[in-house]
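Let's take a walk through this structure together, one piece at a time. Keep the 3D view open and turn it as you read.

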Amino acid sequence: IIHGGPFANIAHGCNSIIATKTALSLADFAVTEAGFGADLGAEKFYDIKCRQAGLKPNMTVVVATIRALKYHGGQDLKKIDEENIESLKKGFENLRIHLENLKKFSKNIVVAINKFDQDTNKELETLKNLVENLSLKAFECDVYHKGSEGCLEICNYIIEKSKDENDFKVLYDEKLPIEEKIEIIAKEIYRASGVKYSKKALNEIKRINNLNSDKLPICIAKTQYSLSDDPTNLNPDSEYEITINDIRLNQGAGFIVALTQNILTMPGLPKRPAAYDIDIDDDGNIMGLF
């Protein structure tokens, strides 16, 4: 049973505890999509959901594309389909950090290469070798053309590897002070040198402390385009600080949200929903879906 969970840039980015425990009681394998990058979705899935539910995942699958890595390596989007081994190698630094981060939580990790038609054999082999240099495995996945047969190799690997001890652990103690928990995430996952707070954020931290509601995990709202809180800084290669502009207590959900820079907490949905243009004519034909 597979559960999707988007918007880990602004929320915890995964399905409910009830849904996962139900799936575990009904199927041999329950798969949770932790939305957006591993710096957001995976970290929040582990540190928030798994912590609160007492879940210990057997396996972590990181989905990567040649195109995204070349983009992180400086390849122009207009030329993203052109073979460029140097851009791929440079952009791999981003994936390397994600994989190193995930090793802080568990040891059973595999990379799924979401294959595109434009990916060359040289690029695919280069990426596999770069991953294997980190003592991990990477598999080509071509489900777009081949359906389930396009990912049988990685599925068989996951089935066998998930039998191994995973040594799962969370990143921080939720009983630590709010600022210390945020700093751990910023330094260990985003690779920042430190954290800056607005006056508003500091006042809200003080209010939460006074309510004795500070012993909760942290959910950082941050851009999904970069490890940093700057969407244009694709591969942070110099010291930078994460900026926390606001803090919000989600007491019912059981976590504290730290908002970086000017992040919007509503998804980018259109002002006019597509549902307004969907109708059924007199002959029963559905209109407005295409």
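Start in the loop between helix H7 (152–161) and H8, which is where you'll find Asp167. Bear in mind that you're looking at a predicted model. Asp167 has a phi near 50°, and that's a positive value in a residue other than glycine. How exposed is Asp167? With a relative accessibility of 44%, it counts as partly exposed.

Now move along to the loop between H8 and S6, where Arg191 sits. Arg191 isn't a glycine either, yet its phi is positive, at about 60°. At 31% relative accessibility, Arg191 counts as partly exposed.

From that loop you can step into a sheet. Four strands make up this open sheet, in the order S6-S8-S9-S7, and the pairing is mixed. S6 and strand S7 (218–221) are the edge strands, each pairing on one side only. Going from one strand to the next, the twist averages 40°.

What does "mixed" look like here? Take the strands pair by pair. As a bit of background, strands of a sheet pair through backbone hydrogen bonds, either parallel or antiparallel. Strand S6 (residues 194–197) runs parallel to strand S8 (residues 241–250), with four bridges between them. To spot this pairing on screen, look for Lys196, whose bridge partner in S8 is Thr243. Next, S8 pairs with strand S9 (residues 255–260), this time in the antiparallel sense and over six bridges. Here Ile244 has Thr260 in S9 as its bridge partner. S8 and S9 form a hairpin with four residues between them, and Gly254 in the turn has a positive phi of about 90°. Finally, S7 and S9 pair in the parallel sense over four bridges, with Cys219 matched to Val257 in S9.

Helices pack here too. Helix H2 (residues 38–53) lies across S7 and S9, running at about 165° to S7. Helix H9 (residues 199–210) packs on the sheet as well, touching S6, S8 and S9, and its direction makes about 40° with that of S8.

H9 is worth a longer look. This helix has 12 residues and spans 17 Å from its first C-alpha to its last, close to the 16 Å expected at 1.5 Å a residue. Which residues of H9 are buried? They are Ala201, Glu204, Ile205 and Ile208. Seen down the axis of H9, these buried residues fall within an arc of 105°, so they line one face of the helix. The general pattern helps here: an α-helix has 3.6 residues a turn, so residues three or four places apart point the same way. And what do the buried residues of H9 pack against? They meet helix H8 (178–188), along with S6, S8 and S9. Turn the view around and you'll see the face of H9 that points away from its buried side, carrying the exposed residues Lys199, Lys206 and Asn210. Just after H9 comes Asn212, which takes a positive phi of about 60°.

Now for the charged side chains. Salt bridges come to a count of 22 in this model. One of them joins Lys104 to Glu188, with the closest N and O atoms 2.9 Å apart. Lys104 lies in the loop between helix H4 (85–102) and strand S4 (109–114), whereas Glu188 lies in helix H8, so the pair ties together parts that are 84 residues apart in sequence. Both ends are partly exposed: Lys104 has a relative accessible area of 24%, and Glu188 has one of 34%.

Another salt bridge links Glu174 and Lys175, where the closest N and O atoms are 3.9 Å apart. Glu174 is partly exposed, at 21% relative accessible area, while Lys175 is exposed, at 54%. Which residues share a network with this pair? Through salt bridges with shared partners, Asp47, Arg51, Glu174 and Lys175 are joined into one network.

For a last stop, find Arg272 and Asp277, whose side chains meet in a salt bridge of 3.0 Å, N to O. Asp277 is partly exposed, with a relative accessible area of 44%.

Definitions and conventions:
Residues numbered from 1 in each chain as written. Predicted model: local features only at pLDDT ≥ 70, side-chain atom pairs only at ≥ 80, totals over all residues. Heavy atoms only, no water. Pairing = 2+ DSSP bridges. Helix = DSSP H or I, 4+ residues; strand = E, 2+ residues; numbered from the N terminus. Axes fitted to C-alpha atoms, helices over the stretch in contact; angles between N-to-C directions. Contact = heavy atoms within 4.5 Å. Expected span 1.5 Å × (residues − 1). Buried < 20%, exposed > 50% of the residue type's maximum accessible area, 1.4 Å probe, protein only. Arc of directions from axis to C-beta. Salt bridge = Lys/Arg side-chain N within 4 Å of Asp/Glu carboxyl O.
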